[in-house]
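Me: I have a structure open and would like to go through it with you. Could we begin with how the strands pair?

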Amino acid sequence: MLRRVFVAVVLAIGATAVIPSAPAQALYACPAGNMCLHTWYADSAHTIWNGSYSINCDAVVLRLGTQSGHLVFTKSPCGDVPPPPIS
């Protein structure tokens, strides 16, 4: 019995050491009719890109890189997108 308790405690300690303790950084809501870009930088001067999360006007989501560090959020109305070229 004591051996089972010891094994359970060791497994619990091992799991907490592996699972990150910091909560995920919340994303800003992207209002309807906008395209939004969340960009993470490694430094506060925003010179080293870590990753990004974008939502375009068709609600297509794209995740790139690592989503951690200093967050910058930008949005643009979908009407600001230039029309496609006429062929």
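Reply: In this predicted model, strand β1, residues 34-41, pairs with strand β2, residues 49-55, in the antiparallel sense over six bridges.

Me: Which residue in β2 is the bridge partner of cysteine 36?

Reply: The bridge partner of cysteine 36 is isoleucine 55.

Me: What holds paired strands together in general?

Reply: Strands of a sheet pair through backbone hydrogen bonds, and the pairing may be parallel or antiparallel.

Me: What is the order of the strands in the sheet?

Reply: The order is β3-β2-β1-β4, in an open sheet of four strands with antiparallel pairing. Strands β3 (61-65) and β4 (70-77) stand at the edges; each has a single partner strand, so one side of each is left without a neighbour in the sheet. From one strand to the next, the twist averages 10 degrees.

Me: New topic. How many disulfides does the structure hold?

Reply: The structure holds two disulfides. One of them joins cysteine 30 to cysteine 36, with an S to S distance of 2.1 Å. The torsion about this S-S bond is about 85 degrees, so the disulfide is right-handed.

Me: Is cysteine 36 buried or exposed?

Reply: Cysteine 36 counts as buried, because its relative accessibility is 3% and the cut-off for buried is under 20%. Its partner, cysteine 30, counts as partly exposed at 24%.

Me: And which residues does the other disulfide join?

Reply: That disulfide joins cysteine 57 to cysteine 78, with an S to S distance of 2.0 Å. Cysteine 57 lies in the loop between β2 and β3 and cysteine 78 lies in the segment after β4, so the pair ties together parts that are 21 residues apart in sequence. The torsion about the S-S bond is about -110 degrees, which means that this disulfide is left-handed. Cysteine 57 is partly exposed at 36% relative accessibility, and cysteine 78 is partly exposed at 22%.

Me: What is the pairing if I number the bonded cysteines in sequence order?

Reply: The pairing is then 1-2, 3-4.

Me: Turning to the loops, what is the phi of histidine 46?

Reply: Histidine 46 has a positive phi of about 60 degrees, although this residue is not a glycine. Histidine 46 lies in the loop between β1 and β2 and is partly exposed, with a relative accessible area of 36%.

Me: Where is alanine 59, and what is its phi?

Reply: Alanine 59 is in the loop between β2 and β3. Its phi is near 65 degrees, a positive value in a residue other than glycine. Alanine 59 counts as exposed, because its relative accessibility is 57% and the cut-off for exposed is over 50%.

Notes. Residues numbered from 1 in each chain as written. Predicted model: local features only at pLDDT ≥ 70, side-chain atom pairs only at ≥ 80, totals over all residues. Heavy atoms only, no water. Pairing = 2+ DSSP bridges. Helix = DSSP H or I, 4+ residues; strand = E, 2+ residues; numbered from the N terminus. Axes fitted to C-alpha atoms, helices over the stretch in contact; angles between N-to-C directions. Buried < 20%, exposed > 50% of the residue type's maximum accessible area, 1.4 Å probe, protein only. Disulfide = S-S within 2.5 Å.
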